Amino acid sequence: MIKKYTSGSPINTGAMIKEFQGEDISRFPLVSRFDGGKFRFAQSLGKNAIVYGLGEAPRGINKRGWVYESFCSDDPFHTETKSSLYAAHNFIIISGNESLGIFIDFPARIRWDIGYTSSDTCSVTVDGEDFDIYLIYGDTPLSVVKEFRAAIGQSYIPPFWAFGYQQSRWSYPDARAVDGVIEGYDNAQIPLDCVYLDIDYMESYKDFTVDENKFPNFADYVAEKRAQGIHLIPIIDAGVKKEDGYEVYDEGRKKGYFCKNADGTDFEGGVWPGIVGFPDFLRSEVRDWFGSKYRLLTNMGIDGFWNDMNEPAIFYSAKGLDAAIDKASSLKGENLDLGQFFDLKDAFAGISNSPDDYSSIYHLIDGKLVCHDRVHNIYGASMTKAAGEFFEREFGKEKILMFSRASYIGAHRTSGIWFGDNHSWWSHILLNLKMLPSANMCGFLYCGADLGGFNGNASADLVLRFLALGVFTPLMRNHSALGTRPQECYSFENTGDFRDIVQVRYRLIPYLYRLFRKASEENDMIFRPLSFDYPTDPIARECETQLMLGDEAMIAPVYEQNVGGRYVYLPEPMTFYALSGEKVRSEKLDKGVHYVPVALNEVPLFVKEGKQIPVCKPAMRTSLLNTEEIEFL
Ligand code: GLC
């Protein structure tokens, strides 16, 4: 059962597709009050209650014991001290004797103090007075998820080939480098379906342009790669480079499509291309306009995109930069005390993504200028909606691969997400595992992390263990940052181990694809916390390192270096499979704790009794898979 409570005049975020008759917020059943322009409410947490949700957020599957914030943030340090990452997924489930889902449909900041200040209370602060809150009552967390998911609409389904293995890097500088990647994979006999084009394929980082010097005759090149079974996936950034004569910018400026300053002039910020205008994606005519620009690339044969920097990330504004430079000039030659020194340092450190800049951006909503602070969390989702709406109109469903960095619930209907700039850290294998069920609860099924880690240098064993988790994530993409050690599977000495792991993915694609479709069509989750399935099992309830996969299986990746296996908890008897290329090692295990050996070239999978998993023969491309010839684990 879903009950809706409305306060003031909420902005339509497009999150919900079902209509609910809203009651006035004065009838809201939880302890609550308005206080200084904010709405605060609290719900007590039973001693054993688990709090799930918040989608792509830091820390655990059980969110108890920390303060989270809904505020889409461009933050490349995903440490456990953080409160928010790139997305704002305002949905939690408090699961005690019964399960209570809470979805706050509100595009500005929300603070979730989940047993942090007071261990037995979840206190939520909504930073405004115009919002809808939905309370979803159910017997189990999964029943709450399913009811919520039915209300927010069916999750995006990408094309079949998007389940293949994908290689990315910031950046492959030109066509020769891209050819080298494909050759590297083909020579090592490691399957591959997509290669990504990061910002350097563009002319001076201008959206919807291709640098002719780096990629001559781009349309022919795309066709040539398609003939090799490879899809090229270019990046699109939110900001449009300010440059006279650049058609997209000129048009946007002339039509008044960029976000404004309070005085009505265009807001300008610095991102990769230098100064940019930020399209006001919240307006449908701007979405139509920007969405139709993707045609410049789809006309050249491109059928997949990733949308980036759409929180939006703002490295600097002229105003912010000037203030810091003025401060530095005023202190030149001074003998600074420690306070002054750190002030000066902070003046520069605080230039990027600064609250002052966000507060000075305005959007045009229903003819009125609305401060960005009020709508921050739907900016990136609206960019992705622009693209998604265009693709569906133009090509129909399931034709174009699309995922975004920033997101809000609702964007799950037309797009996937990736978990942004993680690190080549062992701890991030687990962090990214924990994000999967939380993202699924919020409708985001097509998702995954930068496998091997984005920032920092990766060791071969880290990449292998990361990939062994990625074998199960719908988006299986290896991506790494500029200046880091090459992370393509063929760049390491033991390419055979990489082949073994990636081939397991291709063997499982018939199963994973069917599982994905079913989860989308039935508002189900692909990955569930063990506690969803074994609510009375005390060990399963606390498990943060394993996940249930569909109704058949459980996954438990190795997440530590220099170990030849891991401890795993089986809440019921299962068969342990160590999958490696076409080799299968298996052992029946009883309920309980076991140490399972897992070599670097093996993918661990645990299948429940009476269940089976279809596998096919591996192939070098998804298009070459023979999905008719199936065996069963
Ligand atoms: C951002 C993205 C990253 C990309 C880089 C350059 O940091 O999150 O994936 O490689 O920008 O475009």
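**Notebook: ligand site, a small sheet, cysteines**

I began at the ligand and found one of its oxygen atoms 2.5 Å from an N or O atom in the side chain of Asp-421. I note at the outset that this is a predicted model, and I read the distances below as computed from it.

Staying with the ligand, I looked up two further side chains: an N or O atom in the side chain of Arg-405 is 2.9 Å from an oxygen atom of the ligand, and a polar side-chain atom of His-479 lies 3.0 Å from a ligand oxygen. I then checked how far the ligand is covered, and the protein takes up 97% of the 310 Å² of accessible area that the ligand has on its own.

Next I listed the surroundings. The ligand has 13 residues around it, and the closest are Asp-198, Asp-308, Arg-405, Asp-421 and His-479. When I sorted this shell by character, I obtained eight nonpolar residues, one polar and four charged.

I turned to the sheet that contains strand 18. It is an open sheet of three strands in the order 16-18-17, and the pairing is antiparallel. Strand 16 (240-241) and strand 17 (268-271) are the edge strands, each pairing on one side only. For the pairing of strand 17 with strand 18 (residues 274-277), I recorded four bridges in the antiparallel sense, and within this region I noted that Gly-269 stands opposite Val-276 in strand 18.

I then asked how many disulfides the structure holds. The number is zero, and I wanted to know why Cys-489 has no bonded partner. The closest cysteine sulfur to that of Cys-489 belongs to Cys-194 and is 14 Å away, which is too far for a bond, given that a disulfide needs two sulfur atoms within 2.5 Å. Cys-616 is likewise in no disulfide, and its nearest cysteine sulfur, also that of Cys-194, is 17 Å away.

Are Cys-489 and Cys-616 buried or exposed? Cys-489 has 0% relative accessibility and therefore counts as buried; Cys-616, also at 0%, counts as buried as well.

My last entry concerns Gln-503, which I located in helix 13 (residues 495-521). Its relative accessible area is 18%, and because the cut-off for buried is under 20%, I enter Gln-503 as buried. I also looked up its separation from Ala-619: the two residues are 116 apart in sequence, while their C-alpha atoms are 7.4 Å apart in space.

Conventions: Residues numbered from 1 in each chain as written. Predicted model: local features only at pLDDT ≥ 70, side-chain atom pairs only at ≥ 80, totals over all residues. Heavy atoms only, no water. Near = heavy atom within 4 Å. Polar contact = N/O pair within 3.5 Å; in protein donor to acceptor, adjacent residues only side chain to side chain. Areas by Shrake-Rupley, 256 points an atom, 1.4 Å probe, with all protein chains shown as cover. Nonpolar A, V, L, I, M, F, W, Y, C, P; charged D, E, K, R; others polar. Pairing = 2+ DSSP bridges. Helix = DSSP H or I, 4+ residues; strand = E, 2+ residues; numbered from the N terminus. Buried < 20%, exposed > 50% of the residue type's maximum accessible area, 1.4 Å probe, protein only.
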